[in-house]
Amino acid sequence: MPGYATTKASHLRRLRRIEGQVRGLQRMIESDEYCIDVLTQISAATKALQAVSLGLLDEHLKHCVSQAITEGGTAADAKIAEASDAIARLVRS
């Protein structure tokens, strides 16, 4: 079971809202809206995705990584490395 199992519905609601934002961006481009207005909305959608990412990362650390550490061994090392890689990807984006 994933670490986000208890908050799955919340994540799905947020992602559907973001999906709506992206569809709105498409309509803005189709309607030849002002560039800065489009960029502002892109920034809002990006921040919303970052918030979902941070929530998932937090849940992963609290559930998956902590469970692996409790079990110990190579699985713990692998989960820590996996989490570190995910954090690095988020920081670069």
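Here's a quick briefing on how the helices pack, where the salt bridges sit and what shows at the surface. Keep in mind that this is a predicted model. H1 and H2 come out roughly antiparallel to each other, and H2 is likewise roughly antiparallel to H3, their axes making an angle of about 165°. A search of the whole structure turns up three salt bridges, and there's a nonpolar surface patch of about 410 Å² to look at too.

**Helix packing**

- As a reminder, two packed helices are described by the angle between their axes and the distance between the axes.
- Take H1 and H2 to begin with: H1 covers residues 8-30, and it packs with H2 at an angle of about 160°.
- The axes of H1 and H2 are 10 Å apart.
- Angles over 145 degrees count as roughly antiparallel, so H1 and H2 earn that label.
- As for handedness, the crossing of H1 past H2 is left-handed.
- H2 itself spans residues 35-71, and H3 takes in residues 73-92.
- H2 and H3 pack at an angle of about 165°, with 8 Å between their axes.
- That angle makes H2 roughly antiparallel to H3.
- H2 passes H3 in a left-handed crossing.

**Salt bridges**

- In H1, Glu 19 pairs with Arg 23, and their closest N and O atoms are 3.3 Å apart.
- Glu 19 and Arg 23 are four residues apart in helix H1, so about one helical turn separates them.
- Both partners are partly exposed: Glu 19 has a relative accessible area of 43%, and Arg 23 has 40%.
- In H2, Lys 62 forms a salt bridge with Asp 58, with 3.0 Å between the closest N and O atoms.
- The spacing here is four residues along helix H2, so Lys 62 and Asp 58 are also separated by about one helical turn.
- Lys 62 is exposed, with a relative accessible area of 60%, while Asp 58 is partly exposed at 35%.
- In H3, the side chains of Lys 79 and Glu 82 meet in a salt bridge at 3.6 Å, N to O.
- Lys 79 and Glu 82 are three residues apart, which is about one turn of helix H3.
- Lys 79 is partly exposed, with a relative accessible area of 28%, and Glu 82 is partly exposed at 40%.

**Nonpolar surface patch**

- Four residues make up the patch of about 410 Å²: Tyr 34, Ile 36, Leu 39 and Ile 42.
- Ile 36 lies in helix H2, and its relative accessibility of 47% puts it in the partly exposed class.
- Ile 42 is found in helix H2 as well, and it is partly exposed with a relative accessible area of 37%.
- Ile 42 also has a contact worth checking on the display: its C-alpha atom is 7.9 Å from that of Val 22.
- Along the chain, Ile 42 and Val 22 are 20 residues apart.

**The loop between H1 and H2**

- Asp 32 sits in the loop between H1 and H2.
- Its phi is near 55°, a positive value in a residue other than glycine.
- Asp 32 counts as exposed, with 69% relative accessibility.

**The start of the chain**

- Met 1 belongs to the segment before H1.
- With a relative accessible area of 82%, Met 1 is exposed.
- Met 1 and Val 65 are 64 residues apart in sequence, and their C-alpha atoms are 13 Å apart in space.

Conventions:
Residues are numbered from 1 along each chain as its sequence is written. This is a predicted model: local features need pLDDT of at least 70, side-chain atom pairs count only at pLDDT 80 or more; totals for chains, interfaces and linings use all residues. Side-chain values use heavy atoms; hydrogens and water are left out. Patches are made of residues with over 30% relative accessible area and no salt bridge: like charges are joined within 9 Å, nonpolar side chains (Val, Leu, Ile, Met, Phe, Trp, Tyr) within 5 Å. Accessible areas come from the Shrake-Rupley method with a 1.4 Å probe; for residues, only the protein chains shown count as cover. Helices (H or I, at least four residues) and strands (E, at least two) are DSSP runs, numbered from the N terminus. Buried means under 20% relative accessible area, exposed over 50%, partly exposed in between (1.4 Å probe, protein chains only). Axes are lines fitted to C-alpha atoms, for helices over the stretch in contact, and angles run from 0 to 180 degrees between N-to-C directions. Angles under 35 degrees count as roughly parallel, over 145 as roughly antiparallel, 65 to 115 as roughly perpendicular and the rest as oblique. A crossing is left-handed if the near helix is turned anticlockwise from the far one by less than a right angle, and right-handed if clockwise.
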